Amino acid sequence: MTPSKTLNRPLYAVVPAAGVGARMGAGLPKQYLSLDGRTVAEHTVTRLLAFAPIRRVVVAVAEGDPWWPQLSVARHRRVRSVAGGASRADSVRAGVRAVLDEDADAWVLVHDMARPLVRLSDVQSLVTRGAESDDGAILARPVTDTIKRADAGNRIDATLDRRHIWRALTPQLFPARALYEALAGDLSAITDEASALEAAGRHPALVEGRADNIKITLPEDLALARFYLAAQEEEGLAWRPLA
Ligand SMILES: Nc1ccn([C@@H]2O[C@H](COP(=O)(O)OP(=O)(O)OP(=O)(O)O)[C@@H](O)[C@H]2O)c(=O)n1
Ligand SMILES: C[C@](O)(CO)[C@H](O)COP(=O)(O)O
């Protein structure tokens with residue numbers, strides 16, 4: 001992938017990877033499950049490392065995680081590990097702190113470890129669009145179903161105009177300083193980084209990403225991920241060994 005021509009500040013990736021995968025219920029965190037012979041974590045980090053403009057990939061792992069240090073990707077020269085926190089937002093904040101300690105002027109791409117199928121073409125689109133404004137940008141998908149809002153009794157309260165409804169994906173791109181400050185308050189309702197920036201009055205851009213950039217969350221997502229991975233390989237997006 002050729003370096004971005006648009007982002008004129010250092011680019012880092014922060015990967016929250018300190019979750020336990022409760023909804024997957026696999027007995028170990030889902031990022032260490034195998035996908036075509038490699039862990040989900042290896043797929044994810046290797047893809048980010050293949051995006052040349054990323055100076056470093058900061059991975060937030062749970063304290064005492066015995067699986068992460070066993071992966072060769074954890075020792076890659078452009079990978080750094082930090083201790084994650086009790087919530088996703090805490091883990092992201094720890095990663096962004098490490099980025100700011102290296103470069104106060106950096107931008108960060110925050111990407112779920114649980115999204116191993118992200119395409120470099122989507123990362124490039126995000127960086128190109130995100131660089132247009134200090135409010136940043138996120139990958140997202142317009143919804144294709146009819147969207148209902150429920151009342152407290154799970155009866156339909158309203159049908160929303162889906163032309164304005166998008167599903168948030170990752171990566172999400174922001175100036176590191178702005179994100180760090182936005183993550184300083186009450187994090188209990190924060191499920192993605194854009195929400196934190198929105199609460200601070202910013203309006204990140206939505207950049208349409210590919211549908212195969214799924215988050216592995218439930219057991220059935222593994223079969224879907226294998227299907228999409230095979231399709232990507234047929235397209236020529238094959239596994240690339242670390243440089
Ligand atoms: N304290 C936490 C919780 C989550 N994550 C990370 O945030 C990403 C998205 O979260 P999610 O899919 O919810 O993962 P889990 O928290 O592991 O899943 P669950 O909610 O089912 O336990 C994952 O890469 C996960 O490892 C994190 O870094 N720190
Ligand atoms: C950030 C995210 O992937 C956007 O869809 C998502 O919100 C994280 O998932 P979680 O289950 O809320 O941690």
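The following paragraphs describe the overall dimensions, the central sheet, the packing of one helix and the surroundings of two ligands in a predicted model.

The protein comprises six helices and 11 strands. Its C-alpha atoms occupy a box of roughly 50 × 40 × 35 Å along the principal axes, and its radius of gyration of 18 Å agrees with the value near 18 Å that a compact globule of 243 residues would have. Of these 243 residues, 39% count as buried. When contacts between residues at least 6 apart in sequence are considered, 72% of them join residues at least 24 apart.

Seven strands form an open sheet with mixed pairing, in the order E5-E4-E1-E6-E10-E7-E11. The edges are occupied by strand E5 (79-83) and strand E11 (205-208), and because each has a single partner strand, one side of each is left without a neighbour in the sheet. From one strand to the next, the twist averages 30 degrees.

Within this sheet, strand E1 (residues 11-17) is placed between E4 and E6. With strand E4 (residues 54-61), E1 pairs in the parallel sense over seven bridges; in E4, Ile 54 is the bridge partner of Leu 11, and Arg 56 is that of Tyr 12. With strand E6 (residues 107-110), the pairing of E1 is likewise in the parallel sense, over four bridges, and here Trp 107 of E6 is the bridge partner of Leu 11. Leu 11 thus has a bridge partner in E4 and another in E6. E1 is also mostly covered, with seven of its seven residues buried: Leu 11, Ala 13, Val 15 and Ala 17 point one way from the strand, whereas Tyr 12, Val 14 and Pro 16 point the other way, and all are buried.

Helix H1 (residues 40-49) packs on the sheet, where it touches E1, E4 and E5, and its direction makes about 155 degrees with that of E4. Nine of the 10 residues of H1 are buried, so that the helix is mostly covered. The buried residues of H1 are Val 40, Ala 41, Glu 42, His 43, Thr 44, Val 45, Arg 47, Leu 48 and Leu 49. What covers them includes the sheet strands E1, E4 and E5, together with strand E2 (34-35), strand E3 (38-39) and helix H3 (120-130).

Two ligand surroundings were also examined. Ligand 1 is surrounded by 22 residues, of which Pro 16, Gly 19, Ala 22, Arg 23 and Ser 91 are the closest. The elements that give two or more residues to this shell are E1 and helix H2 (88-102). By class, the shell around ligand 1 divides into 10 nonpolar, eight polar and four charged residues. Pro 16, one of the closest residues to ligand 1, is also one of the buried residues of E1.

Around ligand 2, the residues are Arg 88, Asp 112, Ala 168, Leu 169, Thr 170, Thr 191, Asp 192 and Lys 215. Strand E10 (residues 166-175) gives the most to this shell, with three residues, and E10 is itself a member of the open sheet, placed between E6 and E7. The shell around ligand 2 has two nonpolar, two polar and four charged residues.

Conventions. Residues are numbered from 1 along each chain as its sequence is written. Chains are lettered from A and ligands numbered from 1 in the order in which they are written. This is a predicted model: local features need pLDDT of at least 70, side-chain atom pairs count only at pLDDT 80 or more; totals for chains, interfaces and linings use all residues. Two strands pair if DSSP finds at least two bridges between them. Axes are lines fitted to C-alpha atoms, for helices over the stretch in contact, and angles run from 0 to 180 degrees between N-to-C directions. Two residues are in contact if their C-beta atoms, placed from the backbone, lie within 7 Å. A residue is buried if 20 or more other C-beta atoms lie within 10 Å of its own, exposed if 12 or fewer, and partly exposed in between; C-beta atoms are placed from the backbone. A residue is near a molecule or strand if its C-beta atom, placed from the backbone, lies within 6 Å of it. Ala, Val, Leu, Ile, Met, Phe, Trp, Tyr, Cys and Pro count as nonpolar, Asp, Glu, Lys and Arg as charged, and the others, Gly among them, as polar. The radius of gyration is taken over C-alpha atoms; the globule rule is 2.2 Å times the number of residues to the power 0.38.
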